[in-house]
Amino acid sequence: MSRHGLRRADRAHPRLALLAVCLAAAAMPLTFTGTAVALPSIAEALHAGPVATAWVTNAFMLTFGSALMAAGALADSLGRRRVFLLGAGTFSLFSLALTVAPDILLFDLLRGGQGLAAAAAYAGGAAALAQEFEGSARLRAFSFVGTSFGVGLSLGPVASGAMIESFGWRSIFLAVVLFTALAFLIGRIVMKESRDPAALGLDWPGAVAFTAMLALFTYGMLLVPERGWSDGFVLGLFIAASVCLVLFIRIEGTVARPMLDLSLFRYRRFVGVQLLAAAPAYGFVVLLILLPLRFVGIEGMGTVAGGGLMIALSAPLLVLPIVAGWLTRFVRPATLCAAGLIVTACGLAWLSTLPVGTSAAVLALPMLLIGTGISLPWGLMDGLAIGVVPKERAGMAMGIFSTVRVAGEGVALAVVGAVLSMLIAGRIHAAGLSGAAQAAGQSLAVGDLGGAFVAIPGAEAAQILASYSEAFSRLLILLAAITSLTALIVFLALGHHTEQEAVASEACR
């Protein structure tokens, strides 16, 4: 081969490696949003109760978020290519196994395995790309990865809805198998191996304490609607989670190479970015689960119609994050992020005024406003994450940011699901309906309208739907208030325009 041909081949390898990581990145939100559309069908087919049904989404997000920092450490120690290939390959195998899972217990365990595999693929792939690209090319590469996430979020619901209606709910995992299998094959051929020679291995005590903390807290939140806050077992789970948190903090303060460098929290702006990372969980991500459950499970829309309506929420992510990066030429990133969260809060408040039975065309308008608002901080968060700390701490800062974002989404799903269930039960009590209000609230929160009729025999459909609609509206008002408060704190925490924020602005463009 000529020298010119060798140079072209050298340039092609990083681009193909980027393609492999983007394919894996698109599969992660696809398996998240697609499962949301299929959740009522999964619960019915596998005879799942409300808690087991909630674990279908929580198991994936919990293991994904809790394993990200550990996976990054393993990638540095064992090899970034090796960890990416392990993640992509096992992601494909777990997804294939989900198509034949016979019961809800095995299904939830496989979803947890998917989350672990996703963490390995994401952490290994991101670390590998950081070695393949330099400077502005690296920033563009990671923007492509972010766009791939947006594609998965936007197209996941409608594509999954069409597949469910045509081939059944198990078929939605075949698309994930295809994406991750291609990612594995391409990565195996073109990706170069690299590792950190100074890596000391995985901080196992810290990883175990962190994962246990999230698992115990999430399990406790899932049991709250059924057992109540004062139940001894629930309180025991929360106490155990608190103990694990204290242990994690102590461990990270003593080990030579901690997963979480606690000294970064001395930077006020770094703390603000972590809060910004968690903000989309309550203003946007939870809706990716709750709205399909409402549209398909409660309002009786077809899976194609319900999935298609979700495009109004997620489509802005395909374009507006790039626009937000351009706007940083004229407006500070902190201002854009705060403004986007305020717009999101307005959309949530608007959506809260639309009861069950509202036409899809009317529902799409506030959903579009929510998606538009969240797209502004979505396109800027990654750049800010590395721009608010000294550059030598950028890698650790990015790892913490990614963990907070993904783990925060898993926690938000558990918390918001529990709150919705309790709000529904409260409205059923207020309506004077006799029966098991808590059980009905749990069933309605996961889109099981039939389960609510079983829990409250003799109730009219209009009464149950009215209770659900009022509770859902109150939840949206609460989420709007949380998002508005977050916008204010983020704006104040990120502070005035500094040299570091200028770096963040460049990273966002």
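# Salt bridges and helix pairs

The side chains of E299 and R294 meet in a salt bridge, 2.8 Å from N to O. This comes from a predicted model.

User: What makes the contact of E299 and R294 a salt bridge?

Analyst: The N to O distance is 2.8 Å, and the cut-off is within 4 Å, so the pair counts as a salt bridge.

User: Why is R294 called buried?

Analyst: R294 has 2% relative accessibility. Buried means under 20%, so R294 is in that class. Its partner E299 has 22%, and that value falls between the 20% and 50% limits, so E299 is partly exposed.

User: How many salt bridges does the structure hold?

Analyst: Three. One of them joins D231 and R227, and another joins R427 and E470.

User: Why does D231 with R227 count as a salt bridge?

Analyst: Their closest N and O atoms are 3.6 Å apart. The limit is 4 Å, so the pair qualifies. As for R227, its 41% relative accessibility makes it partly exposed.

User: And what does the pair of R427 and E470 tie together?

Analyst: Those side chains meet at 2.9 Å, N to O. R427 sits in helix α16 (residues 394–430) and E470 in helix α19 (residues 461–494), so the bridge links parts that are 43 residues apart in sequence. E470 has a relative accessible area of 37%, so it goes down as partly exposed.

User: On to the helices. Why are α3 and α6 called roughly antiparallel?

Analyst: Helix α3 (residues 80–98) and helix α6 (residues 172–190) pack at about 155°, with axes 8 Å apart. Angles over 145 degrees count as roughly antiparallel, so the label fits α3 and α6. Their crossing is left-handed.

User: Which residues make that contact?

Analyst: On the α3 side they include F84, L85, A88 and F91, and on the α6 side V176, V177, A181 and F184 are among them. By class, the contact of α3 with α6 has twelve nonpolar, five polar and two charged residues.

User: What makes α12 oblique to α14?

Analyst: Helix α12 (residues 320–327) and helix α14 (residues 360–378) pack at about 55°, their axes 8 Å apart. Roughly parallel needs under 35 degrees and roughly perpendicular 65 to 115; 55° fits neither, so α12 is oblique to α14. The crossing of α12 and α14 is right-handed.

User: Where do α12 and α14 meet?

Analyst: L320, P321 and A324 in α12 touch T372, S375, L376 and W378 in α14. Those residues split into five nonpolar, two polar and no charged.

Key:
Residues are numbered from 1 along each chain as its sequence is written. This is a predicted model: local features need pLDDT of at least 70, side-chain atom pairs count only at pLDDT 80 or more; totals for chains, interfaces and linings use all residues. Side-chain values use heavy atoms; hydrogens and water are left out. Axes are lines fitted to C-alpha atoms, for helices over the stretch in contact, and angles run from 0 to 180 degrees between N-to-C directions. Helices (H or I, at least four residues) and strands (E, at least two) are DSSP runs, numbered from the N terminus. A crossing is left-handed if the near helix is turned anticlockwise from the far one by less than a right angle, and right-handed if clockwise. Contact means heavy atoms within 4.5 Å. Ala, Val, Leu, Ile, Met, Phe, Trp, Tyr, Cys and Pro count as nonpolar, Asp, Glu, Lys and Arg as charged, and the others, Gly among them, as polar. Buried means under 20% relative accessible area, exposed over 50%, partly exposed in between (1.4 Å probe, protein chains only).
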